[in-house]
Amino acid sequence: MCVICFVKALVHVFKVYLTANYSYNFRSWPVDFRWDDVRAAGGGGSGHQALTCAAAVAGVWLLRDAAPGGDVPGRLPRGARSQAQCLLQQIRQLPGQLASYALAHSLGRWLVYPGSTFLMARALLPLLHQGQERLVERYRGRRAKLVARDGNEIDTMFMDRRQQPGSHGRGLRLVICCEGNAGFYEMGCLSAPLEAGYSVLGWNHPGFGGSTGAPFPQHDANAMDVVVKYALHRLHFPPAQVVVYGWSVGGFTATWATMTYPELGALVLDATFDDLVPLALKVMPHSWKGLVVRTVREHFNLNVAEQLCCYPGPVLLLRRTQDDVVSTSGHLPRLPPGDVEGNRGNELLLRLLQHRYPVVMAREGQAIVTRWLRAGSLAQEAAFYRRYRVDDEWCLALLRSYRARCKEELEDEEAWGPHGPAFPWLVGQGLSPRRRRQLALFLARKHLKNVEATHCSPLEPEDFQLPWEL
């Protein structure tokens, strides 16, 4: 009996040793993929070496050694700005700039990305070890080290289901998971698509887990860039088979990826927001409003809605009905059940539909979708939908007819794009107000799904769905 106990103890010690090495020696691992490996191999990735004009307008630019709060495209260079401004203005702005920088690199970063703090990382270390072990042993996960263009090392985990794709072929699709501000791939949002049968690629923000660096938007974008290139050019997934899934703050990198790589197949945003400023103002003192707005805009410009409108592909928004994290409804510590009126996902949907279908969303359309968004349960949502007698078949026929007409009129194949005619669509011209309301409700229901859960509750596998495609 003692011999058996000794063997069990020896096995346990050996597993602990392997797990420790697996975590602590990651920095000494060889690099599996670099951001410039595509260019070096001449593998057709030259189209992604620079961002598009739309990406530049959205406020993020990938530059080597890009510093947080650096020059933003669309502004004058710092030298030009200094020549255009008088010395007195510069002196007046200097205290505000210093205060903004200090806030961003101390309290601001801890609030926006608490997962990068030392105390949280140490507290979660046992759970991270267990999560890594589970992904490797149960799902045959493959860990890889990627190097982004700013030099940060990005910790990733890939679970390949292509050999056993399942009856619905889900394993042939890759879901790239973008975690929240306190999420890690070891114990984060990737569990839902993974258990649903998809191939999954998880990665950690810079400064999270085995990833190096600091989680500022520029570094996050650099990390997302190398992750997408790794999926396309090393894992060899076709762009149309890649789905980007972002949870909470991960919606920023998810929308950045689909904005920069518009040929990617689909985008799913779960419990995310349109812009960080309203949420930051909710938790900070009112007297700090000017400083908070400046700090967010210069250092944490998570402009999810702007980036989302640059993606022409299928989109699904998952709104959690008990979410009090991305809600600006008052200052209550806990929202009443079904109170979704202040959820920032509402603004995200309105911005998306107004960009894609401006005729439908004018006046009656916007008003009816705003009312529909107040439905705090699946039953209320369905009752509201039935009340306006929306004819799904008529809506589908109208949209398909418009799409076919656009295809006939477009002579330039490039204008068609990977997902059809470019947005905005002018469908809905000449419709009666009643018909516009019905079409607006149909589009809203196709782009947003309610999930009865809190912000941090794990998403159930059956709740992870792919977006609607026309």
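# A tour from the largest pocket to helix α18

Begin by selecting Asn181, Ala182, Ser248, Val325 and His455, which lie nearest the centre of the largest pocket, a pocket with a lining of 47 residues. This is a predicted model, and everything on the tour should be read with that in mind. The space in this largest pocket comes to about 930 Å³. To widen the selection, add the elements that each give two or more residues to the lining, namely α5 (87–112), α6 (118–139), α7 (191–195), β6 (242–247), α10 (276–283) and α11 (289–299). If you then colour the lining of the largest pocket by class, you should find 29 nonpolar, 10 polar and eight charged residues.

From α10, step back into the loop that lies between β7 (266–270) and α10, where alanine 271 is found. Display its backbone, since alanine 271 has a positive phi, about 55 degrees, although it is not a glycine.

Alanine 271 also leads to the next stop, the largest cavity, whose lining includes Ala271 together with its sequence neighbours Asp270 and Thr272. Which other residues should be selected to complete the lining of this largest cavity? They are Leu269, Leu317, Leu318, Arg319, Asp323, Val326, Asn343, Gly345 and Leu348. The elements that give two or more residues to this lining are β7, β8 (315–320) and α13, and the largest share, three residues, comes from β8. The largest cavity holds about 60 Å³ of space, and the count of cavities of 30 Å³ or more comes to one. By class, its lining divides into six nonpolar, three polar and three charged residues.

Now follow α13 away from the cavity and show it as a helix, residues 344–356, together with helix α18, residues 433–447; the two axes come within 11 Å and cross at roughly 125 degrees. Because of that angle, α13 counts as oblique to α18, and the crossing of the two helices is right-handed. To see the contact itself, select Leu349, Leu352, Leu353 and Arg356 on the α13 side, and Leu443, Ala444 and His447 on the α18 side. The residues of this contact divide into five nonpolar, one polar and one charged.

Keep α18 on screen and add helix α14, residues 364–372, which packs with α18 at an angle of about 45 degrees, the axes being 8 Å apart. Is α14 parallel or oblique to α18? The angle makes α14 oblique to α18, and this crossing, too, is right-handed. On α14, pick out Glu364, Gly365, Ile368, Val369 and Trp372, which meet Pro433, Arg436, Arg437, Ala440, Leu441, Ala444 and Arg445 of α18. The residues of the contact of α14 with α18 divide into seven nonpolar, one polar and four charged. With both selections displayed, centre the view on Ala444, which takes part in the contact with α13 and also in the contact with α14.

For the last stop, go to the loop between α17 (413–416) and α18, where proline 424 has its place. Show the peptide bond that joins phenylalanine 423 to proline 424: this bond is cis, with an omega of about 5 degrees.

How values were computed:
Residues are numbered from 1 along each chain as its sequence is written. This is a predicted model: local features need pLDDT of at least 70, side-chain atom pairs count only at pLDDT 80 or more; totals for chains, interfaces and linings use all residues. Side-chain values use heavy atoms; hydrogens and water are left out. Axes are lines fitted to C-alpha atoms, for helices over the stretch in contact, and angles run from 0 to 180 degrees between N-to-C directions. Helices (H or I, at least four residues) and strands (E, at least two) are DSSP runs, numbered from the N terminus. Angles under 35 degrees count as roughly parallel, over 145 as roughly antiparallel, 65 to 115 as roughly perpendicular and the rest as oblique. A crossing is left-handed if the near helix is turned anticlockwise from the far one by less than a right angle, and right-handed if clockwise. Contact means heavy atoms within 4.5 Å. Ala, Val, Leu, Ile, Met, Phe, Trp, Tyr, Cys and Pro count as nonpolar, Asp, Glu, Lys and Arg as charged, and the others, Gly among them, as polar. On a 1 Å grid over the protein atoms alone, a cavity is a set of points where a 1.4 Å probe fits but cannot get out, and a pocket is an open set with protein on both sides within 12 Å along at least five of seven lines; lining residues have an atom within 4 Å of a point. Grid points are joined across faces, edges and corners, and a volume is the space filled by probe spheres set on the points.
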